[in-house]
Amino acid sequence: MRTELALDILKLILLAALYLFFARVLWAVWSEVRTDRRVVASHAVNERSPTRAAPVPKQRKAPKGRGGKVGRMVILEPKAKRGTTFALNGADEITIGRDPGCTLTIDGDTFVSQRHARIYVVDGQPMVEDLGSTNGSFHNGNRLNGSRLLHPGDRVQVGYTVLEAQ
């Protein structure tokens with residue numbers, strides 16, 4: 001009787017371990033599938049060494065805002081574009097979308113519209129606005145309806161791209 005109980009417990013433990021293994025495999029596959037496909041295409045191979053990627057030129061970052069004001073937008077996600085900055089000057093407007101004419105062009109993300117959102121400055125105050133996109137834009141995790149004021153630390157999400165106001 002005790003042996004059967006012990007065997008039943010071992011069967012349940014083995015079954016739980018098997019389910020955890022499959023869940024981990026599915027999580028790994030899902031995280032690979034949803035990564036930005038442009039990363040593979042954007043890595044140019046150096047002509048001299050087929051195993052080494054060509055160096056990426058460094059960009060000069062836009063200055064951070066001072067006195068509690070937003071001076072730039074910085075890309076946090078995807079990892080391939082992390083750290084890219086866009087200055088917010090009084091006359092500038094940052095347009096986001098798949099259209100090549102946008103300031104921030106997002107290729108390969110099917111959740112992004114041609115002209116998805118824009119960040120602009122009114123009376124020295126940066127604003128973010130959804131341009132009637134199909135899947136919407138998000139401001140600090142909330143769906144964006146109309147325009148919203150940006151404060152330092154605010155996050156704007158368009159498709160898989162996440163920007164932070166600094």
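1. A residue counts as buried under 20% relative accessible area, as exposed over 50%, and as partly exposed in between. Glu77, at 32% relative accessibility, is therefore partly exposed. The model discussed here is predicted, and the points below go from the whole chain to single residues.

2. Overall make-up. The protein chain contains two helices and eleven strands. Along the sequence, these follow the pattern α-α-β-β-β-β-β-β-β-β-β-β-β. The chain has 166 residues, of which 31% count as buried. About 11700 Å² of the protein chain is exposed, and carbon and sulfur atoms supply 57% of that area. Among contacts with a separation of 6 or more, 36% are between residues 24 or more positions apart.

3. Helix 1 and its surface. Helix 1 covers residues 2-33, and Trp30 lies in it. Trp30 also belongs to a nonpolar surface patch of about 1200 Å². Other residues of the patch include Leu12, Leu15, Tyr19, Phe22, Trp27 and Val33. With a relative accessible area of 47%, Trp30 is partly exposed, because this value falls between the two cut-offs. In soluble globular proteins, nonpolar side chains tend to be buried together.

4. The sheet. Six strands form an open sheet in the order 2-1-11-10-7-8, and their pairing is antiparallel. Its edges are strand 2 (85-87) and strand 8 (142-143), each of which pairs on one side only. Within the sheet, strand 1 (residues 72-77) and strand 11 (residues 161-165) run antiparallel and are joined by four bridges. Val74 stands opposite Glu164 of strand 11.

5. The nonpolar core. Which members of the largest nonpolar core touch the most other members? They are Met73, Ile96 and Ile119, in a core of 20 residues. At least two residues of this core come from each of strand 1, strand 3 (93-97), strand 5 (117-122), strand 10 (155-158) and strand 11. Strand 5 gives the most, with three residues.

6. Contacts of Ile119. Neighbours within four places in sequence aside, Ile119 is in contact with Met73 and Ile96. The list also holds Leu88, Ile94, Met127, Val128 and Leu150, together with the charged residue Glu93.

7. Salt bridges between strands. The whole structure has four salt bridges. In one of them, the side chains of Arg118 and Glu129 meet at 2.6 Å, N to O. This pair links distant parts of the chain, with Arg118 in strand 5 and Glu129 in strand 6 (residues 125-130), eleven residues apart. Arg118 and Glu129 are also linked with Glu93 in a network of salt bridges. Glu93 thus appears both in this network and among the contacts of Ile119.

8. Two further salt bridges. Glu77 pairs with Arg82, and their closest N and O atoms are 3.0 Å apart. Arg82 is partly exposed, with a relative accessible area of 47%, and Glu77 is partly exposed as well, at 32%. The side chains of Arg155 and Glu164 also meet in a salt bridge, at 3.6 Å from N to O.

9. Is each partner of the Arg155 pair buried or partly exposed? Arg155 has 41% relative accessibility and counts as partly exposed. Glu164 has 15%, which is under the 20% cut-off, so it counts as buried. Glu164 is also the residue that Val74 stands opposite.

Key: Residues are numbered from 1 along each chain as its sequence is written. This is a predicted model: local features need pLDDT of at least 70, side-chain atom pairs count only at pLDDT 80 or more; totals for chains, interfaces and linings use all residues. Side-chain values use heavy atoms; hydrogens and water are left out. Patches are made of residues with over 30% relative accessible area and no salt bridge: like charges are joined within 9 Å, nonpolar side chains (Val, Leu, Ile, Met, Phe, Trp, Tyr) within 5 Å. Accessible areas come from the Shrake-Rupley method with a 1.4 Å probe; for residues, only the protein chains shown count as cover. Buried means under 20% relative accessible area, exposed over 50%, partly exposed in between (1.4 Å probe, protein chains only). Two strands pair if DSSP finds at least two bridges between them. Contact means heavy atoms within 4.5 Å. A nonpolar core is a set of buried Ala, Val, Leu, Ile, Met, Phe, Trp, Tyr and Cys residues joined through side-chain atoms within 4.5 Å.
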